[in-house]
Every structure is written in structure tokens, then in C-alpha cells.
Amino acid sequence: MDRHIILIGFMGAGKSTVGRKLSRKLSRKLLDTDAMIEERAGMTIGEIFADRGEASFRQTETEVLQELAAMKFPAVISTGGGMPLKEENRRALKTMGMVVYLKVKPETVLQRLAGDTTRPLLQGEDKSGKVKSLLTQRDPVYREAAHITVETDGKKPEVIAAEILDRLKDSH
Ligand code: S3P
């Protein structure tokens, strides 16, 4: 396993938490595309969406991915939930390493993100409707982008991390 391990999936799927576990287990650096974007802009994601719009955020997201693609040492990469939406990004992700889709049910997302104010796409009325319709649209996209899919509902982050390592061993 000398390539990046890249976590994709919906908001609240546990990409950052599981990424942290994997990076500790493997003694690898954890790179988080949302954190890189915020650092670069000196603004939170909410502020970027409000001040510059989603298209500008998506542009920076692709730029960050291209920089990560040029990196040589193998890391664990946790991505924002919208990263695989662009075909260009999906292509880059697949060439960079093993892409792992952390699959999650809408009920789990709603539970985990109750009271969250940091995700602009889930603010306002009818959060449940938004989560359900976005997940329905995106699930096939995530599947297409990934090498493996791991179900995460009801599992602890340690268990998910161990399952990923097991599955990646098998796929070599
Ligand atoms: C987004 C997911 C967020 C963040 C932005 C947009 C999305 O990341 O990139 O709010 O389109 O799904 P997380 O998946 O880490 O919440």
C-alpha cells in the first residue's frame, strides 16, 4: 500500500474522523481538502460560500486536488463531500491512489449533523429533505468514483478504519 488512501462520501460520513484513525495506524500524514481550502482563503467554508459563491469554492477544491496529485509521499486524504462531483476530479482521484467511499444513511447524517452550522448546503428549512435528495443524487457518483465502498452506519471509527485496511489488503 504505497499510494494515497483517499476517503470520499457525504457530509457526516466520518471522512475526517476515520482519516485520523487511518493516519495514526499507518503513521502517515493526514491531508484534509476542506482544511487546506480554509487555510488558503483565510476564511471558513461558510464564509467562502457566502462571499464568493459555491463555484469559486469548487474551483479552489479542484486546484487543491491537483496539488495533492503532484505529491509523492503516500498520505491519507480526506475530501469534502462534493469533491467527486466533477468528472475531472473523479479522474484525478482514481489515479492518485485507492479511493474509499464511506457510505452513510440519511438518518445517520441527520443525527451526526444535528445543530451543525458549518455546512452551507444543509442550512435553512427542510434539512432532512436536502440530505435525502443530495444523497440520492450523489450515491451513484460516489460509487463510480471509488475502488471500494464501506458501510459506516452504526460502526465506530476504529472499526471502519480496520475494515478499510483489511479490504485494501485483499484488493492487492
Ligand atoms: C460539501 C461538503 C463539505 C464542504 C462543503 C461542501 C458538499 O465537506 O466541502 O460544505 O458539497 O458535500 P464535508 O463532507 O467534510 O462536510
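Where is the place of Leu-113, in a helix or in a loop? In this model, which is a predicted one, Leu-113 sits in the loop that runs between helix 6, residues 106-112, and helix 7, residues 127-145. A loop position might leave open how much of the side chain is covered, so let me add that Leu-113 has a relative accessibility of 6% and therefore counts as buried, the limit for that word being under 20%. If we set aside the neighbours within four places in sequence, Leu-113 is in contact with Met-11, Gly-12, Arg-119, Leu-122 and Lys-127. For one of these, Lys-127, I can also give the backbone separation: it is 14 residues away from Leu-113 in sequence, and the two C-alpha atoms are 9.9 Å apart in space.

Arg-119, which is among the contacts of Leu-113, brings me to the ligand. There are 13 residues around the ligand, and of these Lys-15, Asp-34, Arg-58, Arg-119 and Arg-138 come nearest. For Arg-119, a polar side-chain atom lies 2.8 Å from an oxygen atom of the ligand, and for Asp-34, a polar side-chain atom is placed 2.7 Å from a ligand oxygen atom. Gly-82 takes part through its backbone, with a polar atom there 3.3 Å from an oxygen atom of the ligand. As for how much of the ligand is covered, on its own it has 380 Å² of accessible area, and the protein covers 95% of that. The space that the ligand takes is the largest pocket.

Let me stay for a moment with the loop between helix 6 and helix 7, since Asp-126 belongs to that loop too. Asp-126 is not a glycine, and yet its phi is positive, near 50°. With a relative accessibility of 53%, Asp-126 counts as exposed, because the limit for that word is over 50%.

Ser-27 offers a second case of this kind of backbone angle, with a positive phi of about 50° in a residue that is not a glycine. Its place is the loop between helix 1, residues 15-26, and strand 2, and at a relative accessible area of 68% Ser-27 is exposed.

Strand 2 itself covers residues 30-32, and Leu-31 lies in it. Is Leu-31 buried or exposed? Its relative accessibility is 11%, so Leu-31 counts as buried, under the limit of 20%. Not counting residues up to four places away in sequence, Leu-31 touches Leu-68, Met-71, Ala-75, Val-76, Ile-77 and Ser-78. Looking back along the chain, Arg-20 is 11 residues from Leu-31, and their C-alpha atoms are separated by 9.4 Å.

Met-71, one of the residues that Leu-31 touches, is found in the loop between helix 4 and strand 3, the latter being residues 76-78. Beyond its neighbours within four places in sequence, Met-71 is in contact with His-4 as well as with Leu-31. Its relative accessibility is 22%, and Met-71 therefore counts as partly exposed, a term that applies between 20% and 50%. The C-alpha atoms of Met-71 and Met-96 are separated by 9.2 Å, with the two positions 25 residues apart along the chain.

I will close with helix 4, which spans residues 54-69 and holds Thr-60. The relative accessible area of Thr-60 is 17%, and the residue is therefore buried, again under the limit of 20%. With neighbours within four places in sequence left aside, Thr-60 is in contact with Ile-37 and Arg-40.

Note on methods
Residues are numbered from 1 along each chain as its sequence is written. This is a predicted model: local features need pLDDT of at least 70, side-chain atom pairs count only at pLDDT 80 or more; totals for chains, interfaces and linings use all residues. Side-chain values use heavy atoms; hydrogens and water are left out. Helices (H or I, at least four residues) and strands (E, at least two) are DSSP runs, numbered from the N terminus. Buried means under 20% relative accessible area, exposed over 50%, partly exposed in between (1.4 Å probe, protein chains only). Contact means heavy atoms within 4.5 Å. A residue is near a molecule or strand if one of its heavy atoms lies within 4 Å of it. A polar contact is a pair of N or O atoms within 3.5 Å; within protein, one must be able to donate a hydrogen and the other to accept it, and residues adjacent in sequence count only if both atoms are side-chain atoms. Accessible areas come from the Shrake-Rupley method with a 1.4 Å probe; for residues, only the protein chains shown count as cover. On a 1 Å grid over the protein atoms alone, a cavity is a set of points where a 1.4 Å probe fits but cannot get out, and a pocket is an open set with protein on both sides within 12 Å along at least five of seven lines; lining residues have an atom within 4 Å of a point. A molecule sits in a cavity or pocket if more than half of its atoms lie within 2 Å of its grid points.
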